[in-house]
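Please look over the sequence and structure shown here before reading on. The report that follows takes up the arrangement of the parts and then the surroundings of the ligand.

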Amino acid sequence: MTHPLRLGIAGLGTVGTGLVKLVQTNAALIEARVGRPIEISAVSARSRSRNRGVDISGYAWEDDPVALARRDDVDVVVELMGGENGPAKALTEAAIAAGKDVVSANKALLALHGQALAEAAEARGVALRFEAAVAGGIPVIKSLMEGLAGNRITRIKGVMNGTCNYILTRMEDAGLPYDTVFEEANQLGYLEADPTLDVGGIDAAHKLALLAAIGFGVQPNFDAIELGGIEKISIEDIRAAADMGLRIKLLGVAQMTGRGLEQSMTPCLVPADSPLGQLKGGTNMVVIEGDAVEQVVLRGPGAGEGPTASAVMGDVIDIARGLRLPVFGQPATTLAQPIAARATASKPFYLRMTLMDKPGALAKVAEALGLAGVSINRMRQQGHADTRAPVLVITHKTTRDAIEHAVALSLKTGVVVGDPVALAIEED
Ligand SMILES: NC(=O)C1=CN([C@@H]2O[C@H](COP(=O)(O)OP(=O)(O)OC[C@H]3O[C@@H](n4cnc5c(N)ncnc54)[C@H](O)[C@@H]3O)[C@@H](O)[C@H]2O)C=CC1
Ligand SMILES: N[C@@H](CC=O)C(=O)O
Ligand code: NA
């Protein structure tokens with residue numbers, strides 16, 4: 001019999017349990033496709049006795065996940081613990097040093113330490129694969145690294161955090177408050193162990209950094225990404241957007257401009273009838289544009305047990321088949337340093353401010369916008385019952401710098417109450 005590929009799995013939570021189930025359920029068909037069995041030798045997690053709904057009694061147990069890297073009966077270390085440092089990093093480094101291939105779902109680790117890990121893996125001649133880390137079950141990394149490898153990539157954009165998309169669409173559809181919807185997302189297994197990674201846009205920005213590295217041949221650089229979360233988005237914003245035929249999405253954009261690679265992950269307004277506007281629930285969508293292919297739209301589940309395990313398994317199968325690719329699609333030592341270029345593209349903006357309801361307040365804000373060079377397209381003061389007046393402004397095309405200057409000047413007028421919300425409107 002052909003020798004099996006033996007996995008050591010660290011982390012038996014949502015994704016780890018999904019992987020065990022997939023290995024057990026689809027063993028025969030995977031062996032038929034790959035030409036050799038894929039087996040689990042050893043596992044590690046915080047609790048050995050927790051009921052996970054899968055039988056792990058046939059696998060060796062390690063209390064210390066890093067010990068998986070030292071086991072002779074492990075060919076591929078699968079890191080499904082999460083965390084940008086700690087045992088996830090120690091295990092990945094130990095596995096590479098021990099000459100073992102690594103499959104990871106850990107976008108935080110890869111976005112922050114991916115360059116060093118890639119250089120180490122390539123120097124040691126081992127694989128470091130991470131399809132599950134970006135847009136869960138969507139084979140987006142495989143598409144970029146293989147199917148689209150002949151293109152000069154011009155833009156990558158998309159919705160890459162299922163939790164945020166779930167929260168935003170469910171708030172709109174059910175008219176439910178943020179907290180209720182947040183808890184639903186938790187029950188569905190979408191949330192990171194630290195949910196601020198999700199709602200703060202950080203998780204999605206980790207993913208964008210990885211896609212940008214592959215698409216644009218740069219070192220992954222999370223710090224170069226202009227970042228914004230959905231925490232300040234209220235049901236009023238969602239309703240106001242809907243009134244204008246728009247929807248709010250946490251949207252990532254990476255594009256090459258004359259000033260270099262610009263990357264942003266911020267809540268934006270998109271046309272409600274566009275593919276991105278139509279995206280519901282925990283689903284992700286990545287739009288890739290290249291000079292030859294023009295545009296490819298990938299849509300699918302970005303999180304959850306089965307979809308994420310599917311992506312992990314795809315990487316494991318590539319390793320079993322002997323496919324060897326540079327970690328980010330070209331040798332890590334040849335990746336360029338990305339410049340932290342602030343997005344300069346001109347776009348219309350949506351601005352919501354709450355003003356003190358007194359004579360001249362609206363005029364003061366209009367003047368502040370004018371002083372910042374921001375031209376108003378539409379302005380509407382909403383009906384209100386108390387001394388605060390919500391005001392919505394749609395601007396003509398302008399830059400984020402100008403909008404931030406306008407907001408700062410507005411705050412100085414003394415008539416603005418609370419935090420204004422400024423969202424770019426992405427028209428194409
Ligand atoms: N849940 C999802 O849908 C997705 C998760 N991911 C990523 O996959 C990885 C795993 O995520 P989940 O399965 O959701 O996490 P989880 O929290 O459900 O499970 C984590 C597992 O790792 C173990 N673990 C954590 N820290 C440990 C430590 N210090 N020592 C030993 N064991 C430890 C836990 O006991 C648990 O079994 C993370 O990197 C996450 O970002 C990626 C895509 C989707
Ligand atoms: N928390 C993440 C899980 C997958 O990466 C998300 O909501 O998308
Ligand atoms: Na993926």
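In this predicted model, the C-alpha centres of domain 1 (5-133) and domain 2 (140-302) lie 27 Å apart. Where these two domains touch, twelve residues come from domain 1 and 13 residues from domain 2. On the side of domain 1 that touches domain 2, helix 4 (residues 107-124) supplies the largest share, namely seven residues, and the residues of that side divide into six nonpolar, four polar and two charged. The domain assignment also gives a further domain, as the table shows.

| Domain | Residues |
|---|---|
| Domain 1 | 5-133 |
| Domain 2 | 140-302 |
| Domain 3 | 349-425 |

The ligand can be described against this background. Ligand 1 lies between domain 1 and domain 2, because both of these domains give residues to the shell around it. In total, 27 residues surround ligand 1, and the closest are Gly 11, Gly 13, Arg 46, Gly 82 and Ala 303. Helix 1 (14-25) and helix 3 (86-97) each contribute at least two residues to this shell, with helix 1 giving the most, three residues. By residue class, the shell around ligand 1 is made up of twelve nonpolar, twelve polar and three charged residues.

A sheet comes next. Six strands form an open sheet in the order 3-2-1-4-5-6, and their pairing is parallel. Strand 3 (60-61) and strand 6 (128-129) stand at the edges with a single partner strand each, so one side of each of them has no neighbour in the sheet. Within the sheet, strand 1 (residues 5-10) and strand 2 (residues 38-44) pair in the parallel sense over six bridges, and Arg 6 stands opposite Glu 39 in strand 2. Helix 3, which also supplies residues to the shell around ligand 1, packs on the sheet, where it touches strand 1, strand 4 (76-79) and strand 5 (101-104), and its direction makes about 165° with that of strand 4.

How do two of the helices lie against each other? Two packed helices are described by the angle between their axes and the distance between the axes. The axes of helix 5 (residues 140-147) and helix 9 (residues 202-216) come within 10 Å and cross at roughly 10°, which makes helix 5 roughly parallel to helix 9. Helix 5 takes part in the contact through Val 140, Ile 141, Leu 144 and Met 145, while helix 9 does so through Leu 211, Ile 214 and Gly 215. The residues of this contact divide into six nonpolar, one polar and no charged.

Conventions: Residues are numbered from 1 along each chain as its sequence is written. Chains are lettered from A and ligands numbered from 1 in the order in which they are written. This is a predicted model: local features need pLDDT of at least 70, side-chain atom pairs count only at pLDDT 80 or more; totals for chains, interfaces and linings use all residues. A residue is near a molecule or strand if its C-beta atom, placed from the backbone, lies within 6 Å of it. Helices (H or I, at least four residues) and strands (E, at least two) are DSSP runs, numbered from the N terminus. Ala, Val, Leu, Ile, Met, Phe, Trp, Tyr, Cys and Pro count as nonpolar, Asp, Glu, Lys and Arg as charged, and the others, Gly among them, as polar. Domain bounds come from an automatic or database domain assignment. Two residues are in contact if their C-beta atoms, placed from the backbone, lie within 7 Å. Two strands pair if DSSP finds at least two bridges between them. Axes are lines fitted to C-alpha atoms, for helices over the stretch in contact, and angles run from 0 to 180 degrees between N-to-C directions. Angles under 35 degrees count as roughly parallel, over 145 as roughly antiparallel, 65 to 115 as roughly perpendicular and the rest as oblique.
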